[in-house]
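User: I'm new to this structure and would like to learn how to read it. Could you walk me through it, feature by feature?

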Amino acid sequence: MKLFLDKDMTAQIGGLIVAKRPVFIAEPGIGVAYKTIMVDFPWFGGFARVQKEKCVKSLHDAYREGHRGQKVLEISNYSSESLGVALSAFNLAIRNGKGKNFTVECIFQSSKIFADGGPYKDLLYCSSKEAKKDIRLKTSGQLKSFALNNQLFPLEPKTFFYNWVYINTLVKNERLALEILDYDAFTDIAFNPNASCNCQAAAVAAYVSLAKSQKLSQALVSPESFLQIVYGGKMCQEQSLFS
């Protein structure tokens, strides 16, 4: 039977709901530093946390069927492991010189420059949930670029800025950065590639690949170096922003 997926990437076959989600596999030395495969698995509907946890287990079980021996970790607040929860962009944070913690989510959202506004730096001081849902992010027109530490970042490659922020934050959390190297593959049950492009699980996979290939330090020297090593140096017309 052919599987037809809706915008949420789920389909009903008989009495079973089947979903399709990406798994990001750390593979040092390949192009964007990780491989993505799509996995079909039984889906458990509903908004309750227990339902999300069932979906995570179902996805991981389906992935392991074809990848015996690999260690897979959910990167979100729905993870069954504290490491996966800590690595959620809502929780992973970096401390500034004044002792203030800023999460990846708040840094990312507060760096957006729109046609009619931004960046909204006050979002740095909100909770991650508040920053992501701030109404100005939806009413300020088209997203044009990002700005961080007086540096402009282009929209292309699409995951460039997010991964730069996430990995730079992760390396400042030494215990987490070390523990995650024990894993091979990563998921984010809430991530839908039909709706967005940035994913915390993909960022973790990129970090693990860079670390294991001994390219991490070189990649983090500058945004230009990161772009070259992780994305092969491919730039859009906004390359001049780095000159």
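**Reading the model step by step**

Analyst: Let's start just past a helix: α8 is followed by Gln 214, which has a positive phi, near 60°. Keep in mind as we go that this is a predicted model.

User: Why is a positive phi at Gln 214 worth pointing out, given that it is not a glycine?

Analyst: The general idea is that most residues other than glycine have a negative phi. Gln 214 has a positive one of about 60° without being a glycine. You'll find Gln 214 in the loop between α8 and α9 (216–219).

User: Is Gln 214 buried or exposed?

Analyst: Exposed, because its relative accessibility is 69% and the cut-off for exposed is over 50%.

User: And what about helix α8 itself, how many of its residues are buried?

Analyst: There, 12 of the 13 residues are buried, so α8 is mostly covered. Among the buried ones are Gln 200, Val 204, Tyr 207 and Leu 210. You can also check the helix with a ruler: at 1.5 Å a residue, α8 (residues 200–212) should span 18 Å, and its end C-alpha atoms are 18 Å apart, which agrees.

User: Let's step back for a moment. What does the secondary structure of the chain come to?

Analyst: It comes to 10 helices and 10 strands. The chain has 243 residues, and 47% of them count as buried. If you take the contacts with a separation of 6 or more, 56% are between residues 24 or more positions apart.

User: Now the strands. In what order do β7, β8 and β9 sit in their sheet?

Analyst: The order is β7-β8-β9, an open sheet of three strands with antiparallel pairing. At the edges are β7 (112–114) and β9 (151–153), each pairing on one side only. From one strand to the next, the twist averages 35°.

User: How many bridges join β7 to β8?

Analyst: Three, and the two strands run antiparallel. To see one pair up close, look at Phe 114, whose bridge partner in β8 is Leu 143. On the other side, β8 (residues 143–148) pairs with β9 over three bridges, again in the antiparallel sense. Here Phe 146 stands opposite Phe 153 in β9.

User: What happens in the hairpin of β8 and β9?

Analyst: The hairpin has two residues between the strands, and Asn 149 takes a positive phi near 50°. Asn 150, found in the loop between β8 and β9, also has a positive phi, of about 65°, although it is not a glycine. Asn 150 is exposed, with a relative accessible area of 86%.

User: Which peptide bonds should I look at?

Analyst: As a rule, most peptide bonds are trans. Here the bond from Gly 118 to Pro 119 is cis, with omega near 0°. Pro 119 lies in the loop between β7 and α4 (128–133). The bond from Glu 156 to Pro 157 is cis too, with omega near -10°, and Pro 157 has its place in the loop between β9 and α6.

User: How do I describe two helices packed together?

Analyst: You use the angle between their axes and the distance between the axes. For α6 (residues 160–170) and α10 (residues 223–231), the axes come within 11 Å and cross at roughly 110°. That makes α6 roughly perpendicular to α10, because angles of 65 to 115 degrees count that way. On the α6 side, the contact is made by Phe 160, Asn 163, Trp 164 and Ile 167; on the α10 side, by Pro 223, Phe 226, Leu 227 and Tyr 231. These residues divide into seven nonpolar, one polar and no charged.

User: Why can we call α6 largely enclosed?

Analyst: Because 10 of its 11 residues are buried, the rest of the structure largely encloses it. Among the buried residues are Phe 161, Tyr 162, Val 165 and Thr 169.

User: Can we finish with a single residue? Where does Ile 107 lie?

Analyst: In helix α3 (residues 104–110). Ile 107 counts as buried because its relative accessibility is 8%, and the cut-off is under 20%. Setting aside neighbours within four places in sequence, Ile 107 is in contact with Ile 94, Phe 102, Leu 124, Leu 148, Val 165 and Thr 169. Its C-alpha atom is separated by 9.7 Å from that of Ala 89, 18 residues apart along the chain.

Conventions
Residues numbered from 1 in each chain as written. Predicted model: local features only at pLDDT ≥ 70, side-chain atom pairs only at ≥ 80, totals over all residues. Heavy atoms only, no water. Helix = DSSP H or I, 4+ residues; strand = E, 2+ residues; numbered from the N terminus. Buried < 20%, exposed > 50% of the residue type's maximum accessible area, 1.4 Å probe, protein only. Contact = heavy atoms within 4.5 Å. Expected span 1.5 Å × (residues − 1). Pairing = 2+ DSSP bridges. Axes fitted to C-alpha atoms, helices over the stretch in contact; angles between N-to-C directions. Parallel < 35°, antiparallel > 145°, perpendicular 65-115°, else oblique. Nonpolar A, V, L, I, M, F, W, Y, C, P; charged D, E, K, R; others polar.
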